[in-house]
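Here are some worked exercises to try with the sequence and the model open side by side. Attempt each task before you read its solution.

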Amino acid sequence: MFRSNKLVVILPLILTVFMFASGIYYLNQTESITNEELSESISWLPHLTKEGEQTLLEAEWLWEASPDDGITGTDYIGVTFLDGNGDALAGSEINETAVTLRHSEETIFEGEGEKKEDGVLFVFPNQADDHETYGNDGRVEVVLNSSEAEEAVITYLHTWKEHEEINTEDLRFFDPGFEESDHMDDYYWVTEQLVQTGEPRNERPLFQKGVMFLGSIT
């Protein structure tokens, strides 16, 4: 009887120790990333279709990991449509724009893009607030009043420092136009996705590694 009681006490203790050790092992095996490394952990699902005399771009993105050095700042997406010769179509041909941010499948932010000479600029928050994360899961949609588009360039500028919001005509962010006083050279990167009309739609998750460059471009 005594030996049986000892087993009743000891076995739960052994199980607790095992579960604790397993948890520590799992945490040690989980790879942490920084904001600078985040571009390698983003999945994209872009789709470009022609509908009569219009062209529709739908593009979703999802961070596959959360940076351990914090989430703060403002992010930007520039969209440029290209014709068969690789020339940018006029932003004035853009009819509708929308950006949506999600958290746990719930919409937490909605906005519109700003038309530019060669496309459209989206601006949206990149932050964690009240157990909700803004900027890690989202979608942009653009309707172009032209059927001449053969490709779309989606350029994503991610920052991880508070700064004066930029308003640039450079939708590929070769020169983002940050205020010099914000000292942003080491606090942003830019990545691009190129999508062509007629490419098959894929189900998420789809990882597409774009062309990426960090700050301090000269």
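**Exercise 1. Is glutamate 192 buried or partly exposed, and which residue does the side chain of glutamate 192 meet in a salt bridge?**

Step 1. Start with accessibility: buried means under 20% relative accessible area, exposed over 50%, and partly exposed in between, with a 1.4 Å probe and protein chains only. Glutamate 192 has 13% relative accessibility, so it counts as buried.

Step 2. Look for the partner. A salt bridge needs a side-chain nitrogen of Lys or Arg within 4 Å of a carboxyl oxygen of Asp or Glu. The side chain of glutamate 192 meets that of arginine 172 in such a bridge, at 2.7 Å from N to O.

Step 3. Place both ends. Glutamate 192 is in strand S12 and arginine 172 in the loop between S11 and S12, so the bridge ties together parts that are 20 residues apart in sequence. Arginine 172, at 34% relative accessibility, counts as partly exposed.

A word on the ground rules: this is a predicted model, in which local features need pLDDT of at least 70 and side-chain atom pairs count only at pLDDT 80 or more, while totals for chains, interfaces and linings use all residues. Residues are numbered from 1 along each chain as its sequence is written, and side-chain values use heavy atoms, with hydrogens and water left out.

**Exercise 2. How many strands does the chain have, and what share of its residues is buried?**

Step 1. Take helices (H or I, at least four residues) and strands (E, at least two) as DSSP runs, numbered from the N terminus. The result is one helix and 13 strands.

Step 2. Read the order along the sequence: the pattern is α-β-β-β-β-β-β-β-β-β-β-β-β-β.

Step 3. Turn to burial and surface. Of the 218 residues in the chain, 43% are buried. The chain exposes about 12500 Å², with carbon and sulfur atoms supplying 49% of it; these areas come from the Shrake-Rupley method with a 1.4 Å probe, and for residues only the protein chains shown count as cover.

Step 4. Check the contacts, meaning heavy atoms within 4.5 Å. Among those between residues at least 6 apart in sequence, 74% join residues at least 24 apart.

**Exercise 3. Which residues are linked with Glu60 in a network of salt bridges?**

Step 1. Get the total: the count comes to eight salt bridges.

Step 2. Follow one of them. Glutamate 60 bridges to arginine 102, with the closest N and O atoms 3.3 Å apart. Glutamate 60 lies in strand S2 and arginine 102 in strand S4, so this pair ties together parts 42 residues apart in sequence. Glutamate 60 is buried at 17% relative accessible area, and arginine 102 is buried at 14%.

Step 3. Add another bridge. The side chains of glutamate 141 and arginine 139 meet at 3.5 Å, N to O. Glutamate 141 is partly exposed at 29%, whereas arginine 139 is buried at 17%.

Step 4. Assemble the network: Glu58, Glu60, Arg102, Asp137, Arg139 and Glu141 are linked in it.

**Exercise 4. How many aromatic pairs are there, and which rings form a cluster with Trp61?**

Step 1. Recall the descriptors: a pair of aromatic rings is described by the distance of the centres and the angle of the planes. Rings of Phe, Tyr and Trp (its six-membered ring) pair if their centres lie within 6.5 Å; planes under 30 degrees apart count as stacked, over 60 as edge-to-face and the rest as tilted.

Step 2. Search the whole structure, which gives eight aromatic pairs. In one of them, tryptophan 61 and tyrosine 156 have ring centres 6.1 Å apart and planes at 40°, so the pair is tilted. Tryptophan 61 in strand S2 (residues 54-63) and tyrosine 156 in strand S11 (residues 151-159) are 95 residues apart.

Step 3. Check burial: tryptophan 61 is buried at 0% relative accessible area, and tyrosine 156 is buried at 0%.

Step 4. Extend to the cluster, in which ring pairs link Trp44, Trp61, Phe124, Tyr156 and Trp189.
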